[in-house]
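Welcome, and thanks for taking a look at this protein with me. Here are some notes to help you find your way around.

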Amino acid sequence: MDNIAGAPVEGRNFFGRELEVMRLTDILANDDILLLGPRRIGKTSIGRAVMQKVRADGWRSVEINVASCIDERAFLEKLDSALRPELASLGAKVTSTISAALASVASRIKSIKLSVPCAAGVGVEIAEGATEEWTKVGCEVLQLIAQVEQRWLIYIDELPIMLFNIMRSDPVTGVQRVRRFLDWFRNDVRGLPGAQSVRWLVSGSIGLDTLVQQHGMADTINSLSHQGLPAFKDEVAVGMLMALAGRYQMAFHEDDARSMVDAIKWSQPYYLQTAFHHLRSLMVANPGIGAGTLIDAAIETMVQPGSDNDFHHWITRLEQQLDRASAGHAIALLNFAANDPLGVRPEALLNIIEERLPSVLPEDARRIFINLRDILERDAYWWPDEKSGNKRYRFRLEPLRRWWMRRNTL
């Protein structure tokens, strides 16, 4: 396997998650999947591996990334564009039946009216007819593919970002539009004739669960099977590092691999690949020095300016999914927790919120802390370590902790 730290991996470079692919494929036999987690944990890689697996089983599959979509029309246009090449590969009889309908769908998608914020900050209401029109168009697109006598997998990447885009671009009716979109996806789409032949794999790096909970619409995603991508177990992580060492003929031993796994803590493949990349560079620059001696320097290189671009997303993610005040509280909690690699007691973290909100009642401060604590745990910033007998919230990813501490140090 190659040392790839960035692009999604496929084929021989896809390592260690074969059982996860089988598990997700089994779930898709009967349910749709919501796969959430921060960037760089392999969601796209495993999504494409699942697509490859179902294709081998006779399914058709398409992938769309909707992070750039700012409205419902853009979503449908992406879906339409992805489906066209797949439908074009069908037999002539099926293609001729569907092509005319697709053409009319495309023209109707372009005619959808959208809410446009005025200069004064007041949004123009979406007429009910326009709103219903896009849902009807979307249903017709899906009814077309249901006519094909095969199963389908539609992989939608970064749906939560699209929904946040809608809310930001339309401060007046954006929340209602997101609710309508999710209701359409849960009810209208699943109620279509032939809906059981179409399965959905939805992924995102910003918490869709946080969005729906904060806006009182958690029921809209309760039909999805919520899944995550756990870090590699130590043996799998060690095996990956040893495979990389063999590929590049490095003097790198199993003890070195275990030391690197221990230094990273949260053994997601991207961070293993990145640490290994920096270790390779250090070994070239320092011939004669053993790999084990350079591991800590490799981890430190990951968090330095110029190499730390991926870590900035962890802050942006909070600012995207939380209001300004809540994001500030969350960042303050993480600033405090970053100072100790062993984590911080919850009582000390609660004190941070109480100090930031001196006029708030103690029970309200406690509620705010618990809400943020759960978001940060669910979104993989920290985890409750109880091994010592006392619960301590500590960063999952050690390089992220070091980076977080460095950005707050003069």
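In which helix is Asn165 found? We can begin there, bearing in mind that this is a predicted model.

1. **Asn165 and its neighbours.** Asn165 is found in helix H6. With a relative accessible area of 11%, Asn165 is buried, because buried means under 20%. Setting aside neighbours within four places in sequence, the residues in contact with Asn165 are Ala67, Ser68, Cys69 and Ile70. Take the last of these as an example: 95 residues of sequence separate Asn165 from Ile70, yet the distance from C-alpha to C-alpha is 5.1 Å.

2. **The overall picture.** Stepping back, you will find 17 helices and seven strands in the protein. Its length is 410 residues, and 51% of them count as buried. Links such as the one in point 1 have company: among the contacts in the protein with a separation of 6 or more, 73% are between residues 24 or more positions apart.

3. **The cores.** Which residues touch the most other members of the largest nonpolar core? They are Leu241, Leu279, Phe311, Leu318, Leu333 and Trp404, in a core of 83 residues. H11 gives the most to this core, namely eight residues. Another core lies apart from it and has 49 residues, including Leu36, Leu76, Ile145 and Val189.

4. **Leu241 up close.** It is worth displaying the surroundings of one of those core residues. Beyond its neighbours within four places in sequence, Leu241 is in contact with Phe252, Ala257, Met260, Val261, Leu272 and Phe276.

5. **H9 against H10.** Leu241 also leads us to a helix pair. Helix H9 covers residues 234-247 and helix H10 covers residues 254-264; they pack at an angle of about 120 degrees, and their axes are 9 Å apart. The two helices are therefore oblique to each other. The crossing in which H9 passes H10 is right-handed. On the H9 side, the contact is made by Asp234, Glu235, Ala237, Val238, Leu241 and Met242, and on the H10 side by Glu254, Ala257, Arg258, Met260 and Val261. Sorted by class, the contact of H9 with H10 has seven nonpolar residues, four charged ones and no polar ones.

6. **H13 against H14.** How do H13 and H14 pack, and at what angle? The angle is about 150 degrees, with the axes 9 Å apart. H13 is therefore roughly antiparallel to H14. Here Ile315, Leu318 and Glu319 of H13 meet Ala327, Ala330, Ile331 and Leu334 of H14. The classes in this contact of H13 with H14 are six nonpolar, no polar and one charged.

7. **What covers H13.** Helix H13 (residues 313-321) has these buried residues: His313, Trp314, Ile315, Arg317, Leu318 and Gln321. The elements covering them include H6, H8, H11, H14, H16 and H17. H6 is the helix where Asn165 is found, so to revisit it from this side, look for H6 among the covering elements of H13.

8. **H17.** Is H17 mostly covered or mostly open, and how many of its ten residues are buried? H17 is mostly covered, with seven of the ten buried. Those seven are Glu398, Pro399, Leu400, Arg401, Arg402, Trp403 and Trp404. Covering them are, among others, H10, H12, H13, H14 and strand S7.

9. **Thr274.** This residue is found in helix H11. Thr274 is buried, at a relative accessible area of 10%. Not counting residues up to four places away in sequence, Thr274 touches Ala5 and Met302. Thr274 and Thr301 lie 27 residues apart in sequence, and 9.9 Å apart in space from C-alpha to C-alpha.

10. **Two backbone angles to check.** Most residues other than glycine have a negative phi. Arg40 is not a glycine, yet has a positive phi of about 70 degrees. Ala380, likewise a residue other than glycine, has a positive phi near 70 degrees. Arg40 is in the loop between strand S1 and helix H2, while Ala380 lies in the loop between H16 and strand S6. Are they buried or exposed? Arg40 counts as partly exposed, at 33% relative accessibility, and Ala380 is buried, with a relative accessible area of 7%.

Notes: Residues numbered from 1 in each chain as written. Predicted model: local features only at pLDDT ≥ 70, side-chain atom pairs only at ≥ 80, totals over all residues. Heavy atoms only, no water. Axes fitted to C-alpha atoms, helices over the stretch in contact; angles between N-to-C directions. Helix = DSSP H or I, 4+ residues; strand = E, 2+ residues; numbered from the N terminus. Parallel < 35°, antiparallel > 145°, perpendicular 65-115°, else oblique. Left-handed = near helix turned anticlockwise from the far one by under 90°. Contact = heavy atoms within 4.5 Å. Nonpolar A, V, L, I, M, F, W, Y, C, P; charged D, E, K, R; others polar. Buried < 20%, exposed > 50% of the residue type's maximum accessible area, 1.4 Å probe, protein only. Core = buried A, V, L, I, M, F, W, Y, C linked by side-chain atoms within 4.5 Å.
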